[in-house]
Amino acid sequence: MLSPKRHGQNSNYICAAGGGGMEIRMKKIIYTLLLCVAALVLLTMCTACANEKEPCLDFVSNGDGTCYVSGIGTVTQADVVIPETSPEGDRVTGIGNYAFGRCAGITTVTVPEGVTYVGNYAFYYCSDLVGVTLPDTVQSIGHGAFYNCKSLTTLAIPSQVISVQEDTFYGCNFLTYVTIPNSVTSIDSNAFYGCNSLRDLELPEQLATIGKGAFYGCHSLARLNVPETLISIGGDAFYQCEGLKEIHIKNLSAWCAIDFYSKSANPLHIKGGDLYLSGQKVEHLIIPEGVSEISAHAFSGCSSLTSVSLPKDLTAVGAGAFNACTAITDVYFAATKEEVKSIETGSGNEPLTEAALHYADSQEN
């Protein structure tokens, strides 16, 4: 027969053993839960930046399933590839104003299909930026977009862009070549100001206007092809373009009608450039029939001209149209001497008026 004391001791032992088992089980459950929480946190972190090559940029939602890049975020890579969608799943359709402004260290940026615009000063003062790849979906590039990107060397403007806006490439010292699509109809003020490494430049076939100072200080620009659609060039557009020697045109009548704001707006004037018509250097200038006016500064500084033939219907020669054309020796009029008296000739055309004049009714004819 068991004594009460032994029974109590045995009973206490059994209870103690049972309590310890429950405590162990609880510890295991808590440990498992902690592991699950840690795994969930780690999974979230990995999902947020799953690919280390893809920068973690800042985005702003437009509220319609699209967004734009608003800032550099936590990106540290030199070669930035903008994703097609934000971490929230919005499609990236734009690069906001100042988004990459003053981001030293970035060397290249690849912009995805679907982006339709690059905002004002989007890459300004990105001093190490060498190249930017833009998709054909881009329709506009804001003014000052690449302002003072001094390391930028080349850029292809997408085919839907219609304007190279003010200050777009201002101060891009190492920019040597830019592809401008035929969709572009205007190159605005100071667009290529100070791009002193820019060389041959193909102006687009539909270009209508060039703004003031557009190519100011482009010392290395040596050759320029001018489309017949061009109607106006702003003041100082080609000022200090000392290397510009060849101006190529296809339509002489269209050239005579261009509104040159000043003589420094005419690329011929800067260093006495030569005019080429359909690939042939013009020495004996024959103004086509049908041209009634020659705009001011039209041939200012054209060093290749030795003679000029003017049509019968000519009524006006603008101020400085033949300024500094010092090689002109002969001028031939299709009109009589009496008819020529009615032609309005502006100031600064001494090379024209002081040459040997030949009229339709001259005895030599």
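This note goes through strand pairing, two buried strand residues, the cysteines, and the pocket and cavities of a predicted model.

1. **Strand pairing.** Start with strand 23, residues 307-310. On one side of the pairing list is strand 21, residues 284-286. The two run parallel and share 3 bridges. His-284 sits opposite Ser-307 of strand 23. Strand 23 also pairs with strand 25, residues 330-333. That pairing is parallel too, over 4 bridges. Here Ser-309 faces Tyr-332 of strand 25.

2. **Ala-316.** This residue belongs to strand 24, which covers residues 316-317. Is Ala-316 buried or exposed? Ala-316 is buried, because its relative accessibility of 15% is under the 20% cut-off. Its contacts beyond four places in sequence are Ser-292, Glu-293, Ile-294, Ile-343 and Glu-344. Val-291 lies 25 residues away along the chain, and the C-alpha atoms of Ala-316 and Val-291 are 9.7 Å apart.

3. **His-358.** Look next at strand 27, residues 356-358, where His-358 is found. A relative accessible area of 12% is under 20%, so His-358 counts as buried. Thr-336 is 22 residues from His-358 along the chain. Their C-alpha atoms are separated by 9.0 Å.

4. **Disulfides.** How many disulfides does a search of the whole structure find? The count is 0. Cys-126 is in no disulfide, and the nearest cysteine sulfur, in Cys-149, is 5.1 Å away. Cys-218 gives a similar check: the closest cysteine sulfur belongs to Cys-241, at 5.0 Å. A disulfide needs the sulfur atoms within 2.5 Å, so the Cys-218 sulfur is too far from that of Cys-241 for a bond.

5. **Burial of these cysteines.** Cys-126 is buried, with 1% relative accessible area. Cys-218 is buried as well, at 0%. Both values fall under the 20% limit, so both residues earn the label.

6. **Largest pocket.** Its volume is about 370 Å³. The lining has 17 residues, and the closest to the pocket centre are Glu-202, Leu-203, Glu-205, Asn-225 and Lys-250. What is the make-up of the lining by class? It has 8 nonpolar, 5 polar and 4 charged residues.

7. **Cavities.** Rolling a water-sized probe over the atoms shows where empty space is left. The whole structure holds 2 cavities of 30 Å³ or more.

8. **Largest cavity.** The volume is about 40 Å³. Its lining consists of Val-226, Pro-227, Glu-228, Leu-230, Ile-249, Lys-250, Asn-251, Ala-254, Trp-255 and Ile-258. By class that is 7 nonpolar, 1 polar and 2 charged residues. Lys-250 appears in this lining and also among the residues closest to the centre of the largest pocket.

9. **Second largest cavity.** About 40 Å³ of space lies here. Which residues line the second largest cavity? They are Ile-141, Ile-157, Val-161, Ser-163, Val-164, Gln-165, Thr-168 and Phe-169. The classes are 5 nonpolar and 3 polar, with no charged residues.

Definitions and conventions. Residues numbered from 1 in each chain as written. Predicted model: local features only at pLDDT ≥ 70, side-chain atom pairs only at ≥ 80, totals over all residues. Heavy atoms only, no water. Pairing = 2+ DSSP bridges. Buried < 20%, exposed > 50% of the residue type's maximum accessible area, 1.4 Å probe, protein only. Contact = heavy atoms within 4.5 Å. 1 Å grid on protein atoms, 1.4 Å probe; cavity = no way out; pocket = protein on both sides within 12 Å on 5 of 7 lines; lining within 4 Å. Points joined across faces, edges and corners; volume = space filled by probe spheres on them. Nonpolar A, V, L, I, M, F, W, Y, C, P; charged D, E, K, R; others polar.
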